[in-house]
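Please open the model in your viewer and keep the sequence panel beside it. The tour below proceeds selection by selection.

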Amino acid sequence: MEDSALINFQKQQILTLQEEKAAAMEALDLARELGSFTAISQPTRKELLREICVRANKMISFQSCAVYLVDSDTQDFIQATCLPDGTGDLLEHEISSLISDQSFAFALQSEGPVFFLDSSRNNYVLLHSLATPFRVRGMFAGIMFQGKDEILDTTLKLFSVVMHSAVNALENLETHDFMRNHSQELELRVQRRTQELADAYERMNVTLNGMQAGVLVIDAATHQIVDANPKALELLGRPLGEVIGKQCFDMICYSLRGECPMTDKGLDENNAEYLIRRPDGVSIPVQKTASKVMIGGRLHLVENFIDISEQKKLADLKEDVDRIMRHDLKGPLNGIIGLPEVLLMDLENVLDDGQREILEHIRGAGYKLLNMINLSLDLYKMETGTYNYRPVDVDFYPMLRGVLKDLSEHIYWKKIEVKVLFEGADADCDLTFHINSDESLLYSLLSNLLKNAVEASPSGETVVVDISRRADSSVMRIHNMGAVPEDIRENFFDKYVTAGKSGGTGLGTYSARLVAETIGGRISFESSEELGTSVSVEFFSAGE
């Protein structure tokens, strides 16, 4: 080779190397810039994607280039941005063809740029996946001006560096956006919760301050009062400073020091009557309810109480009215009872059998009403523990037959048979069985239990009354095929408990329990849908 040709060849080589160096330096500068997209002041995703296309164009000239991102819902690749503007359809046509022939999928598996001829066979389409080690984010695509062989290998390698930097910048941007949005959401949530707590506290204060019940908040460990509402201070007759820090035993629970139902006896709730003794000498009866709550990690008792002075006065007034009515009813009732007796004696030879039966029925009804009035007074005495129980020898079976006679009409209309037994066998009509008891109370006990049994028994069934002897007691058992409703079985013998009877007062079983306890007996029951209901009364005095 001649010296001139050699010199020209070397000059060409030097020029090529200089071009490669310049291209490499430019690519490195672009990679450095793309590796730090945060230099763009808080870019949006659209601004970042557009910047990727701008900087890619500085390395390789494109007729049209775009960034496709994966739709998280459909997993489709969607064109997110395109340069120059208005060339998106041209590139979209080429990408659709590449997707159809699986070329697009092949490019996704490649780590570097991949080239394909476009549909005109004149230009190359460059594809470069945008992927992190964990997922594919999208694809960079562009229709180049030059041929693929005209691009230096160094440029292609650095182009891949730029694309990897771009996808990392995209990840960082979305992470930053997510954290920013999450932080804003947390701040809003904290603000809402803070406002809700403030509103709740305000509502609580309004509610407590406006309540017509006194409320005390008490530290369960020390029994010291830590808060009180205005009504509590009014009922206690003390200012707040004299209440806070004092023990509840000094304010309301005077007799329960060391025997607190909640802390010493372990109850979760307590409901009872108490007496507040105010500094001005006034005593106020209150109904108090206490429950346990956790406040600030410590166990507290919340006690609310209401003044029941008026209720107590009304209850006393009611009892006074009841006693007056019982007394006033006895006067005219004695006349109703006495008149048939006078007529039966004076007109004994004049009255026919029908008239005599009517008068006897009037006299009997009067005696029953008198006994009911007397029994209502006796029930009150039994409730208050003032009844004077004087047992006598009572023949059970004649009394039972009298009760059945009173219920005969009801038994007839319900088509019920009543079987009277003694120790499981049919009782003779002349059988006697003596029980040491109060005659009127025993009659009331039998009447209430038998009436309930007849009413509860299904039509056409049998009600059984059986007496059996034990070593030191006797047991009366009354059985019918009706079942006690499940919702009242737990409090069957409580006052005013009734179900399924129109006009029922719920006093029959309650008075039966009172009578049984007063005469020293014990009452119980068993009930099921299959076997019906049995009420048993045990008398702790042997019968014979």
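Which residue takes a positive phi in the hairpin of E8 and E9, and how many residues lie between the strands? The residue is Gly281, with phi near 90°, and the hairpin has 5 residues between its strands. Strands (E, at least two residues) and helices (H or I, at least four) are DSSP runs, numbered from the N terminus.

Before going on, note that this is a predicted model, in which local features need pLDDT of at least 70, side-chain atom pairs count only at pLDDT 80 or more, and totals for chains, interfaces and linings use all residues. Residues are numbered from 1 along each chain as its sequence is written, and side-chain values use heavy atoms, with hydrogens and water left out.

**The whole chain**

Display the full chain as a cartoon. Its secondary structure comes to 12 helices and 18 strands. Of the 544 residues, 37% are buried; buried means under 20% relative accessible area, exposed over 50%, and partly exposed in between (1.4 Å probe, protein chains only). The chain exposes about 31800 Å², of which carbon and sulfur atoms supply 53%; accessible areas come from the Shrake-Rupley method with a 1.4 Å probe, and for residues only the protein chains shown count as cover. Among contacts (heavy atoms within 4.5 Å) between residues at least 6 apart in sequence, 57% join residues at least 24 apart.

**The five-stranded sheet**

Return to the hairpin and select strand E8 (269-277) together with strand E9 (residues 283-295). The two run antiparallel and are joined by 9 bridges; strands count as paired if DSSP finds at least two bridges between them. Two partnerships can be picked out here: Tyr274 has Val286 of E9 as its bridge partner, and Leu275 stands opposite Pro285 in E9.

Now extend the selection to the open sheet of 5 strands, whose order is E7-E6-E10-E9-E8, with antiparallel pairing. Why is one side of E7 and of E8 left without a neighbour in the sheet? Strand E7 (225-228) and strand E8 stand at the edges and have a single partner strand each, so one side of each has no neighbour there. On average, neighbouring strands of this sheet are turned by 30° against each other, direction ignored; the axes are lines fitted to C-alpha atoms, for helices over the stretch in contact, and angles run from 0 to 180 degrees between N-to-C directions.

**Salt bridges**

Show the charged side chains next. Side chains of opposite charge can pair when their charged atoms come close. With a salt bridge taken as a side-chain nitrogen of Lys or Arg within 4 Å of a carboxyl oxygen of Asp or Glu, the count comes to 20.

- Select Arg278 and Asp280: their salt bridge has its closest N and O atoms 2.8 Å apart. Arg278 is partly exposed at 21% relative accessible area.
- Select Arg257 and Asp250: their side chains meet in a salt bridge of 2.9 Å, N to O. Arg257 is partly exposed at 46%, and Asp250 is likewise partly exposed at 36%.
- Select Arg489 and Glu529: the closest N and O atoms of this salt bridge are 3.9 Å apart. The pair links distant parts of the chain, 40 residues apart: Glu529 is in the loop between strand E17 (522-528) and strand E18 (532-539), and Arg489 in the loop between strand E16 (474-480) and helix H12 (508-518). Glu529 is exposed at 57%, whereas Arg489 is partly exposed at 22%.
- Select Arg45, Arg135, Arg137, Glu171 and Glu174: salt bridges that share partners join these residues into one network.

**Backbone features**

Go to Leu83 and Pro84, which are joined by a cis peptide bond with omega of about -10°. Pro84 lies in the loop between strand E2 (77-83) and helix H3 (88-100).

Follow the chain into H3 and select His93, which is partly exposed at 48%. The C-alpha atoms of His93 and Asp118 are 9.6 Å apart, with their positions 25 residues apart along the chain.

Move on to Gln102, in the loop between H3 and helix H4 (103-108). Gln102 is not a glycine, yet its phi is positive, near 70°; it is exposed at 53%.

End at Lys415, in the loop between helix H10 (408-413) and strand E12 (417-422). Lys415, also not a glycine, has a positive phi of about 55° and counts as exposed at 63% relative accessibility.
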